[in-house]
Amino acid sequence: MDFGEGAAVRLSGIFLLPRTSYAGRMNGVVVQGSNDRAAWTDLTAPVTGAAEGVWTYLDNAKLLDSGDYRYLRIYNGASWNGNLAEAEFYGELGTNNAL
């Protein structure tokens, strides 16, 4: 996701729901942030224990970095084909210098 020139988001929570019948494929997913799309920072630890029909909630206590980022991506370094049914992001949107 690109929040636009001069904008940034500071996450406070993330909900992830695995794809039906493929919950295990969500294991290993991390959410990353960047301000230049070249260097990416892991904002979460890899997901473990994904279960069908069960949301994984990552709140402030589980976020590894509380920085401000223009770009967010969902990434899994394993063999993975985007097996998420839904993702919800919560936080504060502002300018790179105003958060």
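Two strands count as paired if DSSP finds at least two bridges between them. The views below are taken from a predicted model.

**View 1. An open sheet of 3 strands in the order β4-β1-β6.** The pairing within this sheet is antiparallel. β4 (56-59) and β6 (84-95) each have a single partner strand and stand at the edges, so one side of each lacks a neighbour in the sheet. From one strand to the next, the twist averages 20 degrees.

**View 2. The pairing of strand β1 with β4.** Strand β1 comprises residues 7-18 and is joined to β4 by 4 bridges, the two running antiparallel. Within this view, Phe15 stands opposite Tyr57 of β4.

**View 3. An open sheet with the strand order β3-β2-β5.** This sheet consists of 3 strands, and its pairing is antiparallel. The edges are occupied by β3 (41-42) and β5; each has a single partner strand, so one side of each is left without a neighbour in the sheet. Strand β2 (residues 30-34) pairs with β5 over 5 bridges in the antiparallel sense. Gly33 has Leu72, in β5, as its bridge partner.

**View 4. Asn76 in the loop between β5 and β6.** The loop that holds Asn76 follows β5 (71-75) and leads to β6. Asn76 has a relative accessibility of 9%; because buried means under 20%, Asn76 counts as buried. Its side chain reaches the backbone oxygen of Asn27 at 3.0 Å. When neighbours within four places in sequence are left aside, Asn76 is in contact with Arg25, Met26, Asn27, Gly28 and Val29. Asn27 thus appears both in this set of contacts and as the residue whose backbone oxygen the Asn76 side chain reaches.

Key:
Residues numbered from 1 in each chain as written. Predicted model: local features only at pLDDT ≥ 70, side-chain atom pairs only at ≥ 80, totals over all residues. Heavy atoms only, no water. Axes fitted to C-alpha atoms, helices over the stretch in contact; angles between N-to-C directions. Buried < 20%, exposed > 50% of the residue type's maximum accessible area, 1.4 Å probe, protein only. Polar contact = N/O pair within 3.5 Å; in protein donor to acceptor, adjacent residues only side chain to side chain. Contact = heavy atoms within 4.5 Å.
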